[in-house]
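Please open the model in your viewer and keep the selection tool at hand. This tour goes from one stop to the next, and at each stop it says what to select and what is there.

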Amino acid sequence: MKYNEKARAIIDNINRGLIGKEQTAKLAVITLLSGGHLLIEDVPGVGKTTLANLLAKSAGAGFTRIQFTPDTLPGDVTGASVYDMKKGEFRYVEGAIMNNIVLVDEINRTSPKTQAALLEAMQEGQVSVDGTTYPLKEPFMLIATQNPIEFIGTYNLPEAQLDRFMMKLSLGYPELDDEKKMAQNFIAGNQAQETSAVIDAETLMQMREEVKSVRVGGDIAGYVINLVSLTRESPLLSLGASPRATLAVISAARGTAYVKGRDFVTPDDVQEILPHVLRHRLILTVEAKTGKNTPERIIENIKNTAKVPLL
C-alpha cells in the first residue's frame, strides 16, 4: 500500500519504541494530522504513556507532560495571574497547557474541576484566566491517558469532555512474540534509544493543512451523517453521537486517506476509523449492558446496516 512518506516516517519512528502496535501508532498519527485530541485508555503498564511520548517527540514540536493527581489544581493547567511587586501589577504565568503537544497522564485521577479546566483549551484553542483570554500555541494537541474507571481512585470524564476527544484508543496486552522480544531486549540491556524528531512544528502545520484539502464527496458526507444518525436511533443507546462526532469522523477519514497517500476519502476510510471515533461517545442503556452489548458491537451493526456509497 502506498503511504504518505512523512506520515510513514512518524509511524515507523513510533514502532521502533513500541513493539507490535503499528495499527495503534497509525491511528494516533491520524489523530495528530487531523487536528484532533487523543484519549488512550487501558490497564497500567501496557505502554499508554510511551505511545504519547513517542508521538510527541516524533512530531518535533514543544512538549509538556502533566501528571494528574487528586490535588492537581486548575491553575496548574491553565496558568494564573501573579502579582508582580516590582511593577505593581498582575502578570500572567503560563500553565502546563501552553505548549504544542501536551500529555495529561492519568486524566481521570484528578477532580472534575481540574478536568473541566481542559475544556476551553480542547475546543477553542485558548484558556481564560481572571477574565483574560490567552491563545494556545499552534499546532496544539492534547493527549490524555487514563486507567479504566473500575480502578480505585478514578473519576469518570463527563460526556462533554469525552466528546472533545477525536479518538479513543486501547493498546491491549502485547502478543506473546512481541512480549518475548521486549523481554529479550531488556535482558540484553538493549533499551530503546532516545527518540528523535522526524518532522518539525512547521512541517506538522503544513501536513494538517494538506489533510484539510483531502476531498470529501457528497456521497461520503451523506454516508457519515447516516452512520452517526443511526446511533441516535438505536434502542440500545441512551445517548448517540453528537454533530461534533460527525465532523470528527470526516476529519479522521481525511487523515486516514492522507496517511494512505490519497487526496480523496473512500467508504473504507470511514469504516476503518469509525469505531475509534464513536466508541467513547455512546452511552448504552441498562438493557444493552445486561445483554452484554458493547459500543464496538453496536457500531459494527450500524456499519452493516448503513448503505455504502459506490465511488
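Select Val-104 and then Ala-144, which stands opposite Val-104 in strand 8. Bear in mind throughout that you are looking at a predicted model. If you now widen the selection to strand 5 and to strand 8, residues 141-146, you have two strands that run parallel and are joined by four bridges.

Keep strand 5 selected and add strand 2, which covers residues 63-67 and pairs with strand 5 in the parallel sense over five bridges. A pair to pick out here is Thr-64 and Val-102, since Thr-64 stands opposite Val-102 of strand 5.

Are the residues of strand 5 buried or exposed? Five of the five residues in strand 5, residues 101-105, are buried, so the strand is largely enclosed by the rest of the structure. Show the side chains and you can follow Ile-101, Leu-103 and Asp-105 pointing one way, while Val-102 and Val-104 point the other way, and all of them are buried.

Next, turn to the salt bridges, of which the count comes to 16. Select Glu-41 and Lys-168, which form one with their closest N and O atoms 3.2 Å apart. Glu-41 lies in strand 1 (residues 38-41) and Lys-168 in strand 9 (residues 167-169), so this pair ties together parts that are 127 residues apart in sequence. Glu-41 counts as buried because its relative accessibility is 19%, and Lys-168 counts as buried at 17%.

Another salt bridge to select is that of Lys-26 with Glu-272, where the closest N and O atoms are 3.0 Å apart. This pair links distant parts of the chain, for Lys-26 is in helix 2 (residues 22-33) and Glu-272 is in helix 12 (residues 267-278), 246 residues apart. Lys-26, with a relative accessibility of 8%, counts as buried.

Move on to Arg-91 and Asp-84, which form a salt bridge whose closest N and O atoms are 3.6 Å apart. Arg-91 is partly exposed, with a relative accessible area of 44%, whereas Asp-84 counts as buried at 16% relative accessibility. Returning to Lys-26 and Glu-272, add Lys-260, Arg-262 and Asp-269 to the selection, and you will have one network joined by salt bridges that share partners.

For the last stop, select Tyr-83, which is found in strand 3, residues 79-84. Tyr-83 is partly exposed, with a relative accessible area of 45%. Together with Met-85 and Phe-90, Tyr-83 forms a nonpolar patch on the surface, and the three have about 420 Å² of accessible area together.

How values were computed:
Residues numbered from 1 in each chain as written. Predicted model: local features only at pLDDT ≥ 70, side-chain atom pairs only at ≥ 80, totals over all residues. Heavy atoms only, no water. Patch = residues over 30% accessible without salt bridge, like charges linked within 9 Å, V, L, I, M, F, W, Y side chains within 5 Å. Areas by Shrake-Rupley, 256 points an atom, 1.4 Å probe, with all protein chains shown as cover. Salt bridge = Lys/Arg side-chain N within 4 Å of Asp/Glu carboxyl O. Buried < 20%, exposed > 50% of the residue type's maximum accessible area, 1.4 Å probe, protein only. Pairing = 2+ DSSP bridges.
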